[in-house]
Amino acid sequence: MKLKNSCLVMLRVELNDKKRNMTNQEVLEVLERAPIVPLYYHDDEQIACTLMDACYTGGARAIEFTNRGDHALRVFTAMCKHRNAHYP
C-alpha cells in the first residue's frame, strides 16, 4: 500500500508521545489492521467529536475529516484537542 499526503486524523492510541506525529509507516500499519477509513464532515464541533468517538468504538483507528465547510479548520482543531484528551 502506498501512502500519499492526506488529511487523516490519526487516533494515536498506540503511541505514548502525544507530541509526536505518526510516521508514514505507522499510518500504514494502522490502515492495514483496519482498512476502512470513515470519511465525514460536520460543522458542529461536538457532533464531529461524537462521530469520532463512535468510529473509535466501532473499531476505526483512523478517520478522514473533509475540509469542505466554512468551519472546517475550527472543527478540525477541536477534534485534535478531543483526540489528545481522550485517546492518549
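How many of the residues in the chain are buried, as a percentage? Of the 88 residues in the chain, 35% are buried, where buried means under 20% relative accessible area, exposed over 50%, and partly exposed in between (1.4 Å probe, protein chains only). This is a predicted model, in which local features need pLDDT of at least 70 and side-chain atom pairs count only at pLDDT 80 or more, while totals for chains, interfaces and linings use all residues. Residues are numbered from 1 along each chain as its sequence is written, and side-chain values use heavy atoms, leaving out hydrogens and water.

**Figure 1. The whole chain has three helices and three strands.** Helices (H or I, at least four residues) and strands (E, at least two) are DSSP runs, numbered from the N terminus. Try following the chain from the N terminus: its elements run β-α-β-α-β-α. Contact here means heavy atoms within 4.5 Å. Among contacts between residues at least 6 apart in sequence, 68% join residues at least 24 apart.

**Figure 2. The largest nonpolar core holds 11 residues.** A nonpolar core is a set of buried Ala, Val, Leu, Ile, Met, Phe, Trp, Tyr and Cys residues joined through side-chain atoms within 4.5 Å. Look for Tyr40, Ala48, Cys49, Met52, Cys55, Ala60, Ile63, Phe65, Ala72, Val75 and Met79. Two or more of these residues come from each of helix H2 (45-57), strand E3 (62-65) and helix H3 (72-86). H2 gives the largest share, four residues. Another core, of five residues, lies apart from this one, and Met22, Val27, Val30 and Leu31 are among its members. In soluble globular proteins, nonpolar side chains tend to be buried together.

**Figure 3. Helices H2 and H3 pack at an angle of about 45°.** Their axes are 9 Å apart; axes are lines fitted to C-alpha atoms, for helices over the stretch in contact, and angles run from 0 to 180 degrees between N-to-C directions. That angle makes H2 oblique to H3, because angles under 35 degrees count as roughly parallel, over 145 as roughly antiparallel, 65 to 115 as roughly perpendicular and the rest as oblique. Glu45, Ala48, Cys49, Met52 and Asp53 in H2 meet Arg74, Val75, Ala78, Met79, His82 and Arg83 in H3. These contact residues divide into six nonpolar, one polar and four charged. For this count, Ala, Val, Leu, Ile, Met, Phe, Trp, Tyr, Cys and Pro are nonpolar, Asp, Glu, Lys and Arg are charged, and the others, Gly among them, are polar.

**Figure 4. Two histidines, His71 and His82, make a nice pair to look at.** Is His82 buried or exposed? His82, in helix H3, counts as buried because its relative accessibility is 15%. Leaving aside neighbours within four places in sequence, His82 is in contact with Cys49, Met52, Asp53 and Tyr87. His71 sits in the loop between E3 and H3 and, at 37% relative accessibility, counts as partly exposed. With neighbours within four places set aside, Tyr41 and Asp43 are in contact with His71. The C-alpha atoms of His71 and Glu45 are separated by 9.0 Å, although their positions lie 26 residues apart along the chain.

**Figure 5. Pro38 is in the loop between H1 and strand E2 (39-40).** Beyond neighbours within four places in sequence, Pro38 is in contact with Cys55, Ala60, Ala62, Ile63 and Glu64. Seen from Cys55, the contacts counted in this way are Pro38, Tyr40, Ala60 and Ile63.

**Figure 6. Leu31 lies in helix H1 (residues 24-33).** With a relative accessible area of 8%, Leu31 is buried. The C-alpha atoms of Leu31 and Ala62 are separated by 7.1 Å, and the two residues are 31 apart along the chain.
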